[in-house]
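Reader: I have a model open and would like to learn how to read its salt bridges and strands. Could you walk me through it?

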Amino acid sequence: MELSFDENDFLSCCGSTQFAKLMASFSPFSSHHHAVSIARDIWFNNVHVNAWLQAFSAHPSIGQTRSPSHASQTSAQWSKGEQSTALATATGSSLQELAEWNARYMQKFGFVFLICASGRSTDEILAELKRRYTNRPIVEFEIAAEEQMKITELRLAKLFSSRENISSTTDKCSTIVAKKAEDRISIIGGHVNAASENLSGKSTQNPSRTRPPITTHVLDVSRGCPASGIEVLLEVWKGNKARPTFGAADSGSWVVQGSSTTNLDGRSGQLLNIVDDVNPGIYRISFNTGKYNPSGFFPYVSIVFEILESQKKEHFHVPLLFSPFSFSTYRGS
């Protein structure tokens, strides 16, 4: 499925109008991988130096929450999210020191200090700023362009993800097919079967499943790519009580249903047998994020959800959007 975007969409990903126009001229794109490939070629080979400077100027200084007035609203929102870890780990003194070094950097190089800040603490960013301050201007200019491309790739992933999610909810009769391995980011919205499997009037003739009833997919948003090699564990509640109680010691009441490790596309293997009816109950899916990123904040992440009797023929997809210092998820159909 090809997705179309306009100049404003790409301007939110990169603040260069020349870049945005050229990207729009190549739209639609068959995948996020396709868009990134075109974006890198445009950014490094087909825009002039002023386009780089214009893109740099659309970013707020690290530690500031207010974006420049010419930045788009979407870009401003994404900037806040990308700096969320830095702001959460900042102190009054570290923000003051960061502001001082930002000013020194601007005075020396003539443009804002640019770094892909997603998942980075204030101390990490400040240390990198001080290290890069010693660079020659021509060297630093190229490094800033590389960092801008990292940010652009991350935002292209968000752009594709949001568009696919909208498409999947507005067209319930279409099927989003799992794409090839290189189509890595746009498969966040994958694993979504056509709603025709559950059309009214056909509920007594449910087709046999072609995949397990519970699946997952992990995206490392700090790198903008699938997270491979994460251990996944699926359990079901079998305690004396009907359901687990928040804060109670219930470790012995969870029964393992299956385990796997995410592949190169961030997808889990088979966590359950392929059966037409999944057993109703309360399930817990856990991700060994600590082993994947030992320096991250989360030793592991667990998500608990319930499958009702009326939902036993449905498919449950539990994607995890993960970075070393944050995570989010949503229920996929």
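**Reading salt bridges and strands**

Author: Gladly! Let us begin with one acidic side chain: Glu153 counts as partly exposed because its relative accessibility is 23%, and buried would require a value under 20%. Keep in mind that this is a predicted model.

Reader: Which side chain does Glu153 meet in a salt bridge?

Author: The partner is Arg40, with 2.8 Å from N to O. Next, look at where the two sit along the chain. Glu153 belongs to helix α9 (residues 137–170) and Arg40 to helix α3 (residues 32–45), so the pair links distant parts of the chain, 113 residues apart. Arg40 is partly exposed too, with 33% relative accessibility.

Reader: How many salt bridges does the structure hold?

Author: There are 12. A useful habit is to ask of each one how its partners are placed in the chain. Take Glu128 and Arg131, whose closest N and O atoms are 2.6 Å apart.

Reader: Why are Glu128 and Arg131 separated by about one helical turn?

Author: Because they lie three residues apart in helix α8 (residues 122–133). As for accessibility, Arg131 is partly exposed at 46%.

Reader: What does Glu306 form with Arg243?

Author: These two form a salt bridge as well, and their closest N and O atoms are 3.1 Å apart. This pair links distant parts of the chain: Glu306 is in strand β6 (residues 301–307), while Arg243 is in the loop between β3 (231–237) and β4 (254–261), 63 residues away. Glu306 has a relative accessibility of 34% and counts as partly exposed. Arg243 is partly exposed at 45%.

Reader: Which residues are linked in a network of salt bridges?

Author: Look for Glu82, Arg155 and Lys158, which such a network links.

Reader: Now the strands. Is strand β7 largely enclosed or open?

Author: For a strand, count its buried residues, meaning those under 20% relative accessible area. In β7 (residues 316–323), seven of the eight residues are buried, so the strand is largely enclosed by the rest of the structure.

Reader: How many bridges join strand β1 to β7, and do the strands run parallel or antiparallel?

Author: Seven bridges join β1 (residues 214–220) to β7, and the two strands run parallel. To find the pairing on screen, start at Ile214, which stands opposite Phe316 in β7.

Notes
Residues numbered from 1 in each chain as written. Predicted model: local features only at pLDDT ≥ 70, side-chain atom pairs only at ≥ 80, totals over all residues. Heavy atoms only, no water. Salt bridge = Lys/Arg side-chain N within 4 Å of Asp/Glu carboxyl O. Helix = DSSP H or I, 4+ residues; strand = E, 2+ residues; numbered from the N terminus. Buried < 20%, exposed > 50% of the residue type's maximum accessible area, 1.4 Å probe, protein only. Pairing = 2+ DSSP bridges.
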